[in-house]
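Please open the structure in your viewer and keep the selection tool at hand. The tour proceeds in short stops, each naming what to select and what is to be found there.

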Amino acid sequence: MQDRYYFSEIEKKWQKKWDETKAFKVIEDPSKEKYYVLEMFPYPSGKLHMGHVRNYSIGDVIARFKKMKGFNVLHPMGFDGFGLPAENAAIKNGTPPAEWTWSNIHEMEEQLKELGLSYDWDRECATCHPDYYRWMQWIFIQFYKAGLAYKKENPVNWCPDCRTVLANEQVVDGCCERCGSAVGKKHLSQWYFKITDYADQLLENLDNGKLDGWPEKVKIMQKNWIGRSEGAEVDFRIKDHDETLTVFTTRVDTIFGTTFMVLAPEYPSVLNMVKETEYEAPVREYIEKCAHMSEIDRTSTANEKTGVFIGKYAVNPFTGKEMPIYIADYVLMGYGTGAVMGVPAHDQRDFDFAVKFHLDIVPVIDSHDPDVDLNDLKQACAAEGTVINSGEFTGMNNKDAIAKITEVAEERGIGRRAVNYRLRDWLISRQRYWGTPIPMIYCDECGWVPEKEENLPVMLPEDVEFTGKGESPIVTSKSFVDTVCPVCGKPAKREVDTMDTFLDSSWYFLRYCDAGNEEKAFSKEKTDYWMNVDQYIGGVEHAIMHLMYARFFQMALHDLGLTGDDEPFKNLLTQGMVIKGYEDPEGNYVKAKMSKSLGNVVSPAEIIEKYGADTARLFILFAAPPERELDWSDQGVEGCFRFLNRIWRLVFEFTDRYPDCPEEYEICGRADKELNRVLNDTIRRVSNDIDERFNFNTAISAVMELVNELYRYKEGEVNEALYSTAIRTVILLMAPFVPHITEELWTELGCEGSVHEQSWPVYDESALVKDEVEIVVQINGKNKERINIPGGASREEMLKIAEENDKIKELTEGMNVVKVIAVPGRLINIVAKA
């Protein structure tokens, strides 16, 4: 008997064989139902962490299970190769970004293969490879031709440490989501994608059934980010000026309470309105001050309100009253029109501003709160109730007034119904080197024009200097910037910005469908077969940026006739973090996400070296349901290792004792029947847990119970064929979870072919019925007796057995039985009166 589970040798052996035989290579097969499972691909940092192991192990279980269920499974992997860390390495160490990145990619490829993941490596994509970013540039040009890409100057989010612009989604609590630095504003000419053209479709698909397989929390996060608001736009004439201020409001019912106007400091015409006036200097000074503030600071309700009067007055179109116009930091250009009507009686920010600058406060909604004195407000009051001080609309319910005032504004030509979105167009320019070059050229004669498609890819130059200061390192290249116009042939300049790396990850799932295509980004015939992704797996932190951008790309490509589906991911699983306890500086034991800075990191390489990849996978899948946090436990890892050793010993003991075992078996006694029941019940439980719920932890627990039953069974009289079937079934059920040891043991059992090429076991429904089950008998809801009944007994049979039970007879003697409640296979409750 081979009693030692030599995991290191067998894992290397099978990894080598899978690699040599291309065991997981897949092609389109119209005769088979396809299944596309995909984990979010990693940034090539060089080292896998336990979060990676969890993500990829989950996907691998699903892929292997679906393959055994007869599906044609696509399970690819690649690398999100562009990004800031490579550029920082170039600045710090003088290592070219390409060299740093490719070295890390090769290291991570080996680590992924060590985990025994069933990837079709022939489909591998790295976004930093010219063969990939060539098509990224091609897609950009198609978007440009379709009017989805444009360039304009705007105040943009600027990270002083990363020295690049950030999309709104990359600013978290006023700070750069990469480095944590406070984000300011800077005026730059930048490229944008018109994601706002798809705002309604992005919203509609969240609720029309296409994304029923997504977590509700992710859909809510996307809805909130898109931020659709229905309201009205109202025009306010500026006194003695030819400009009109247009305000978007969801509360037009409060317009009679407007006593001042506030503009965002970035409002386009502010400087023109104060030009050569006494107000110009203080306005310019205030604008400069606001440019260095983060949005979270500007909109904080805790800050003292600040602002500057610009010397102009707006006229309220309903009251005719003149109202002073201010600029103030709490108004942003990123929402609405950048102009806000100040209604201090019913908005606390406006109230604080009015108090600070001694402005009128006019209540226009009476909420009928006895604790509120509308003639002496101490703070803004509720804005739900009856309209007051509002001319012809006084006395109306405020909700009715919203519709009526909007209607009157439209009739008078001073307003209109409108929809506003929080979502803004996607700023995609980055002042970095290590990204996809934007394939646009500026010609004095022709303006901005795209590079000819036959000239793609526009390659990243290598003659650049990495200083970490100022503009993109690409501007230092002598070979890159100067070119000729593709339209007129005159001297021209290339765009020196690169694309936001989120573009690269917004379509990689399509490239996987046709990774080797040198003529197209992807063949529609192949994407029509494989797409959309049946199961996508990744962290919930990508709910807004990556997942929203990928949806936008898919919609735009669909409208261009390049894809059949308008949504990329049918089902989404967001796995929880891996956490581990550690001692904080105060000596307290706390739990947190694994982090080098906290010193609570467990390296996958260490676990694989000590216990093997199968043990690492098994623990990570057994310790918690996929969507929950996983609390790391060294004891749990050891327990999983012991369980694999139990299976190992079970197989080798069997092959030693029963070298020639028949395949056909009959159920010969009670022990056989019980083992057969547990066997079939385990197949049922594991199948349902993987297929329907992704409850891998309970699936593994079910197999552990079956193994326990086998250890009990082998101590008695053994039905060799039944015992053999049960052991083979254990191997098949565990194959998606622990691929190496099951491949080895399948071979040891003398079975033909790879275990991963076998069909998934099917359970026998009739075998699930127990000979006897124990049920509870209650009298008036209180447990009085336990009785055994035949498995599958009907209600009538249950009642007959209970009525004949001596103890029940004694307890109900002389009582009037009102009714009897019977739950088949579980309990009987006798309701009786004395």
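Select N780 in this predicted model. Is this residue buried or exposed? N780 is partly exposed, because its relative accessible area of 40% falls between the limits of 20% and 50%. N780 is located in the loop between strand 29 (772-779) and strand 30 (782-790). Its backbone deserves attention: N780 is not a glycine, yet its phi is positive, at about 55°. As background, most residues other than glycine have a negative phi.

Next, select H368. This residue, also other than glycine, has a positive phi, near 60°. H368 belongs to the loop between strand 14 (365-366) and strand 15 (386-387). With a relative accessible area of 54%, H368 is exposed, since the cut-off for that word is over 50%.

The following stop concerns peptide bonds, most of which are trans. Select L456 and P457, and display the backbone: the peptide bond joining them is cis, with omega about 5°. P457 lies in the loop between strand 20 (447-450) and strand 21 (482-484). Then select M531 and N532, which are also joined by a cis peptide bond, with omega about 0°. N532 is in the loop between helix 14 (524-530) and strand 24 (535-538).

Now select residues 720-734, which form helix 21, together with residues 739-748, which form helix 22. At what angle do these two helices pack? The angle is about 150°, and the axes are 9 Å apart. Helix 21 is therefore roughly antiparallel to helix 22, as the angle is over 145 degrees. Their crossing is left-handed. To view the contact, show the side chains of R728, I731, L732 and M734 in helix 21, and of T742, L745 and W746 in helix 22. By class, this contact comprises five nonpolar residues, one polar residue and one charged residue.

For the last stop, select strand 27 (589-593) and strand 28 (630-631), then add strand 26 (residues 578-583). These three strands form an open sheet in the order 27-26-28, with mixed pairing. Why is one side of strand 27 and of strand 28 left without a neighbour in the sheet? Both strands stand at the edges and each has a single partner strand, so one side of each has no neighbour there. Strand 26 and strand 27 run antiparallel and are joined by five bridges. To locate a bridge, select E583 and its partner in strand 27, Y589.

Conventions
Residues numbered from 1 in each chain as written. Predicted model: local features only at pLDDT ≥ 70, side-chain atom pairs only at ≥ 80, totals over all residues. Heavy atoms only, no water. Helix = DSSP H or I, 4+ residues; strand = E, 2+ residues; numbered from the N terminus. Buried < 20%, exposed > 50% of the residue type's maximum accessible area, 1.4 Å probe, protein only. Axes fitted to C-alpha atoms, helices over the stretch in contact; angles between N-to-C directions. Parallel < 35°, antiparallel > 145°, perpendicular 65-115°, else oblique. Left-handed = near helix turned anticlockwise from the far one by under 90°. Contact = heavy atoms within 4.5 Å. Nonpolar A, V, L, I, M, F, W, Y, C, P; charged D, E, K, R; others polar. Pairing = 2+ DSSP bridges.
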